Protein chains: 4
Amino acid sequence: MPVTHSDTVARVNYSEIDAMGVVYHSRYAVWLDVARTEHLRQAGMTYRELEAMGFFLVVGDLTMRYHRPARYDDLVQVRCWVRELASRRVTFAYRLTHAETGALLVSAETRMLSLNHKFEPTRLPAEVAALLHPVGDPA
Amino acid sequence: MPVTHSDTVARVNYSEIDAMGVVYHSRYAVWLDVARTEHLRQAGMTYRELEAMGFFLVVGDLTMRYHRPARYDDLVQVRCWVRELASRRVTFAYRLTHAETGALLVSAETRMLSLNHKFEPTRLPAEVAALLHPVGDPA
Amino acid sequence: MPVTHSDTVARVNYSEIDAMGVVYHSRYAVWLDVARTEHLRQAGMTYRELEAMGFFLVVGDLTMRYHRPARYDDLVQVRCWVRELASRRVTFAYRLTHAETGALLVSAETRMLSLNHKFEPTRLPAEVAALLHPVGDPA
Amino acid sequence: MPVTHSDTVARVNYSEIDAMGVVYHSRYAVWLDVARTEHLRQAGMTYRELEAMGFFLVVGDLTMRYHRPARYDDLVQVRCWVRELASRRVTFAYRLTHAETGALLVSAETRMLSLNHKFEPTRLPAEVAALLHPVGDPA
């Protein structure tokens, strides 16, 4: 059965918060990276394997909208899904919520470009594309 | 004379690059933070003073488009300007270029929200708004 | 039964590695922080509660010895224990190993100082000290 | 004239501070990295050139002692010198002070190991060793 979306959970540590006691805004981007890596793993392939095949998926565009802040020691759930798939790129979307209250924290999107080992744009390998299923935004 | 745009320069250090030998995508957001802080300083006020007055400028939206990667030890110039100013928010735009070749690396935008000491939306203090001059995109 | 040592596991993500493809040396310090936080939680108190009581445990000394590098996507186990306990400080020790092979990666120590809400040295609260059990280095 | 010690200055940015409003302890390690890189550059060689020759200098041991915290927007001076030089390793020492008040913030040491392109211990190239002058602790 294809993976339509994935969920990962991160606990906010002390290195991630700033003087306002909330997560510094750029750090959410690391959780997005972890989320799409786990999404790929659940779909049947690790990003390490993809690189070993001579391919890279790099971020071409990043957008993040901050709704509410996450605080120290909070558990944050990152829901991740494929929003669009084209021959040379794939767009992942994300919704970050407070794991206990369900409150919406951040919504985000990354458009990833497929590159070969010379860092030139290239078609996604067929066996990778086959694992990525674009879906509408999940509940 | 009003500050229309500002330029800061950062040298890429080893902690900022990843296994592809290029700057990890989230780290550019820290340079944007430094750039708007220096912009404010050149305009006549430090962000430290703003917080001491009981105000915060927090990131409500972040967008980054990655054109070319910066590499280890490169000097990166960050041009920063005010794109829009409203009573409770200000939008900064950024263009990151390779300081020696002038090649475009990243274009970015952050929409900042003005909050009071209870983290509620509030009008930007008049003396701060007076320092921020929206301009068209500089050359 | 007192907690004598704790184990946490971290998976190496892309933001943590450098151009040599291995974890950048300063990042292990964040895992130490997470490890002692989880140690305290398993012992019966969260660090968030400690701060709410008006106390801080801050790092006074940090030492890390790097034996072997951790690589992207590796699972790293962090064993943590209390090496020494005094009225105003506590020393945590750590052993980081590759979770699958058991290979030793890093050995580390942090001497933590107890501060009050004015950041002055102060005695550890009795109920916190009661949860911290100095032990010899575990196997 | 040989370089006996070097000075670099870093301004504390918002991403580097934590909920106590002071620099998170692991971040000083990045400034040490920048300091020894600039030390090498002032001595006549860039670390980029060293890697291009097929050599790496990796951290084998790190120790940091925290005396006083650096705060947001502070200017921090990092004094760096070579404490010891051996055929396969070099020890850098560091003293971090508040640039305006001169107050001692952190004292640190990193023992660096010389590795070849297969990450095996190897002698420092003669032309690199010739640039590194062990000195007593500077004033």
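Two strands pair if DSSP finds at least two bridges between them, and the strands and helices named here are DSSP runs numbered from the N terminus (strands are E, at least two residues; helices are H or I, at least four). Keep that in mind as you click around this predicted model, where local features need pLDDT of at least 70, side-chain atom pairs count only at pLDDT 80 or more, and totals for chains, interfaces and linings use all residues. Residues are numbered from 1 along each chain as its sequence is written, chains are lettered from A and ligands numbered from 1 in the order in which they are written, and side-chain values use heavy atoms, with hydrogens and water left out.

**Stop 1: the sheet in chain C**

Select strand E4 (residues 89-98) and strand E5 (residues 104-115) of chain C. E4(C) and E5(C) pair in the antiparallel sense over 9 bridges. Show C:Leu96 and you'll find C:Val106 of E5(C) standing opposite. Now follow the hairpin: 5 residues lie between the strands, and C:Gly102 has a positive phi near 80 degrees.

Next, add strand E2 (residues 56-66) of chain C. E2(C) runs antiparallel to E5(C), and 10 bridges join them. To check the register, pick C:Arg65, whose bridge partner in E5(C) is C:Ser107. As you look at the side chains, remember that in a regular strand they alternate between the two faces of the sheet.

**Stop 2: chains A and B**

Hide chain C and bring up the other two. Superposing chain A on chain B takes a rotation of 180 degrees with 0.0 Å of shift along its axis, at an RMSD of 0.0 Å (least squares on the C-alpha atoms of residues with pLDDT of at least 70 in both). That is the relation of a two-fold axis. To find the axis from chain A, select A:Thr63: its C-alpha is the nearest one in that chain, 2.2 Å away.

Now colour the interface. Here 20 residues of chain A are in contact (heavy atoms within 4.5 Å) with 20 residues of chain B. Among the interface residues of chain A, 100% are also interface residues in chain B, so the copies meet through the same surface. The two chains bury about 1800 Å² between them, 57% of it on carbon and sulfur atoms; buried area is the accessible area (1.4 Å probe) that two parts lose on being put together, summed over both. On chain A, show A:Met20, A:His25 and A:Leu62, which lose the most area to chain B, together 29% of what that side buries.

**Stop 3: across the A/B boundary**

Which residue forms a salt bridge with A:Arg65? Pick B:Asp61, where the closest N and O atoms are 2.7 Å apart. Chains A and B have 2 salt bridges between them (a side-chain nitrogen of Lys or Arg within 4 Å of a carboxyl oxygen of Asp or Glu).

Two elements of chain A give two or more residues to the side touching chain B: helix H1 (28-43) and strand E2 (55-66). E2(A) gives the most, with 10 residues. Select it together with strand E2 (residues 55-66) of chain B, and you'll see the two pair in the antiparallel sense over 5 bridges. A:Met64 has B:Leu62 as its bridge partner.

**Stop 4: chains B and C**

Bring chain C back. At this boundary 9 residues of chain B are in contact with 9 residues of chain C. The pair buries about 810 Å², 61% of it on carbon and sulfur atoms. The rule finds 0 salt bridges across this interface.
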